[in-house]
Amino acid sequence: MPPPADIVKVAIEWPGAFPKLMEIDQVSNADSTNFYITEKVKLIKKTTTSYYMDMKLDALKDLANSSRDITFAQEFINLDGISLLTQMVESGTDFGDLLSFTLTAFVELMDHGIVSWDTFSLAFIKKIASYVCKSAMDTAVLQRSLAILESMVLNSQDLYQKVAQEITIGQLIPHLQGTDQDIQTYTIAVINALFLKSPEEKRQEMAHILAQKQLRSIILSNVIRSNKPINDEMAHQLYVLQVLTFNLLEDRMMTKMDPQDQAQRDIIFELRRIAFDVECESNNSGSIEKRKSMYTRDYKKLGFINHVNPAVDFTQIPPGMLALDNMLYFARHHQDAYIRIVLENSSREDKHECPFGRSSIELTKMLCEILKVGELPSENCHDFHPMFFTHDRSFEEFFCICIQLLNKTWKEMRATSEDFNKVMQVVKEQITRALTIKPNSLDQFKSRLQNLSYTEILKLRQSERMNQEDFQSRPILELREKIQPEIMELIKQQRLNRLCEGTCFRKISSRRRQDKFWYCRLSPNHKVLHYGDLEESPQGEVPHDSLQDKLPVADIKAVVTGKDCPHMKEKGALKQNKEVLELAFSVLYESDEYLNFIAPDKHEYCVWTDGLNALLGKEMTSEFTRSDMDTLLNMEMKLRLLDLENIQIPEVPPPIPKEPSNYDFVYDCN
């Protein structure tokens with residue numbers, strides 16, 4: 001009797017093992033898939049313990065690749081596969097590729113978030129740490145070991161303590177002095193994780209150790225100033241290190257001065273002594289009233305608000321004692337500039353003196369706001385500034401440059417005390433504009449500020465204001481309103497075209513550093529979303545036929561964002577991160593199915609949420625839509641106004657000027 005048509009026989013073969021013939025019912029496709037995966041898991045698990053090295057290596061290589069799949073991972077973990085891998089690592093018998101594939105499989109399995117990190121033994125932690133501490137270690141093994149240590153520290157306070165006992169900063173530093181940027185990135189990631197998880201009372205101690213080991217100068221020489229361009233992940237880790245370093249200032253920033261604390265009061269006396277070249281008078285030198293009068297006069301010259309007791313000025317938090325720290329640093333390390341500023345302003349009688357004390361306090365507060373001191377690092381930010389890695393006291397030097405800028409701008413504006421807030425606004429604009437070019441050094445930052453004088457700021461403001469005011473007349477506003485639907489349709493088509501091109505997204509994981517990607521794009525007829533996993537980040541568009549999964553647009557019920565997304569409710573750690581929340585969105589379909597996204601940046605987030613809403617016939621409301629609308633409307637209005645003036649716009653752009661043949665010239669700045 002012939003077998004039923006729905007039954008097929010499948011042979012499963014593995015090198016060195018007996019082939020296995022199985023009957024699979026095609027009707028129950030899901031069950032047959034699970035059955036096949038279960039059998040594959042059992043076979044791989046059995047072969048990984050083989051005495052034949054070739055068979056074992058092939059099995060581990062297949063395991064490393066298959067572990068990316070959630071279904072396979074779940075089944076392997078259910079069959080106690082994680083314990084098998086940790087035992088293999090603890091035994092210490094495997095090296096080279098065998099160990100590399102074992103650790104790769106472990107990392108992939110743990111990234112699914114199925115198993116708690118708290119379940120691993122101290123022996124396993126010690127073995128992983130030993131791979132990092134060895135001077136000569138296989139690159140792949142070292143990379144995976146660093147990744148495992150980072151995850152342990154970030155995901156478990158108990159494991160943080162154990163890892164911190166096993167590795168030292170001194171053992172991590174040599175990995176930064178090599179040329180492999182991936183190893184350098186993982187190393188900085190581990191340092192950042194240890195920094196982030198260390199108790200507050202130990203962070204200053206850790207910062208002191210990092211300074212002793214010259215971490216900053218090593219990163220500057222071997223990473224920032226190396227010949228290799230810095231990739232996004234390295235930029236993120238440098239940004240995190242920058243944020244964590246500046247966050248060490250938070251304690252001083254939030255500490256009020258105690259007016260009764262003599263040691264703190266002595267700092268103010270020191271500022272007075274350096275500025276006016278006077279020694280603190282003894283108690284019997286003159287009457288008490290005379291001394292009080294003399295101190296009050298000098299404190300007024302120093303620009304404090306409270307001339308009688310300037311300690312009161314530092315009770316405002318922020319910036320608290322951090323402002324006084326900056327003032328003392330400036331007075332001691334840039335003494336000539338400090339004395340010049342104080343004496344220059346204390347001798348003026350025309351009400352145009354710049355109050356050094358008040359300015360320093362407000363400037364310190366402003367710099368903390370610009371650098372976001374006290375805030376946790378954002379998940380997808382790469383905004384590190386190379387100049388902050390060029391000096392051990394970079395924040396203090398930053399302040400010293402900016403306080404001199406403030407004094408210069410004050411004079412350029414011919415400001416009085418009533419203009420104090422206006423001056424601070426201009427100074428903030430000067431600083432933020434100078435930071436946008438990411439100066440490589442503090443000297444470059446200073447040079448950029450020299451070019452951003454008050455006159456230049458006025459020109460920039462005037463230019464920006466003119467661009468806005470030109471389009472405020474009633475006829476212009478009416479015309480803008482008339483052509484707005486046409487522009488909105490243009491934006492809609494652009495969003496849909498971008499969805500058709502597609503975007504590469506990172507997979508969600510408990511580990512910040514994530515090298516797994518997936519791609520999603522809209523079909524040209526706007527009827528189907530194609531998506532699927534990728535081995536690596538693509539260099540361009542990914543063809544539809546290489547994306548294995550599909551979602552008909554007609555099946556989409558809703559698009560949700562932020563904390564309403566299912567993956568934001570599931571991931572407790574991610575839920576706490578404001579940056580990730582702002583980039584998260586989900587496509588809901590059928591009854592309880594969903595496709596979860598975390599956009600690579602805010603622009604892609606707006607493109608996708610706009611495009612998906614447009615597909616569903618809903619309004620596009622992102623901030624980029626409003627920005628694009630303004631830009632395109634303004635451009636269209638300018639073109640129409642030029643047309644009214646009968647000004648011909650050429651069809652092709654003018655030729656680019658030729659490169660000069662002789663570079664032997666000097667620009668006279670005077």
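**A tour of aromatic pairs, a sheet and a surface patch**

By the ring-pair rule, the count in this predicted model comes to 28 aromatic pairs, where rings of Phe, Tyr and Trp (its six-membered ring) pair if their centres lie within 6.5 Å, and planes under 30 degrees apart count as stacked, over 60 as edge-to-face and the rest as tilted. Residues are numbered from 1 along each chain as its sequence is written. Because the model is predicted, local features need pLDDT of at least 70 and side-chain atom pairs count only at pLDDT 80 or more, while totals for chains, interfaces and linings use all residues.

Select Phe269 and Tyr295 to begin: this aromatic pair is tilted, with 5.8 Å centre to centre and 35 degrees between the planes. Phe269 sits in helix α15 (residues 262-276) and Tyr295 in helix α16 (residues 288-301), 26 residues apart, helices being DSSP runs of H or I with at least four residues and strands runs of E with at least two, numbered from the N terminus.

Move next to Phe505 and Trp608, whose ring centres are 5.6 Å apart with planes at 70 degrees, so the pair is edge-to-face. Phe505 lies in strand β3 and Trp608 in helix α28 (residues 602-615), so parts 103 residues apart in sequence are tied together. Both Phe505 and Trp608 are buried (under 20% relative accessible area, with exposed over 50% and partly exposed in between; 1.4 Å probe, protein chains only). Widen the selection to Trp518, Tyr531, Phe585, Phe597 and Tyr605, which form one aromatic cluster with Phe505 and Trp608.

Finally, show helix α29 (residues 623-644), where Leu642 is found; Leu642 is partly exposed, with a relative accessible area of 32%.

Technical notes:
Heavy atoms only, no water.
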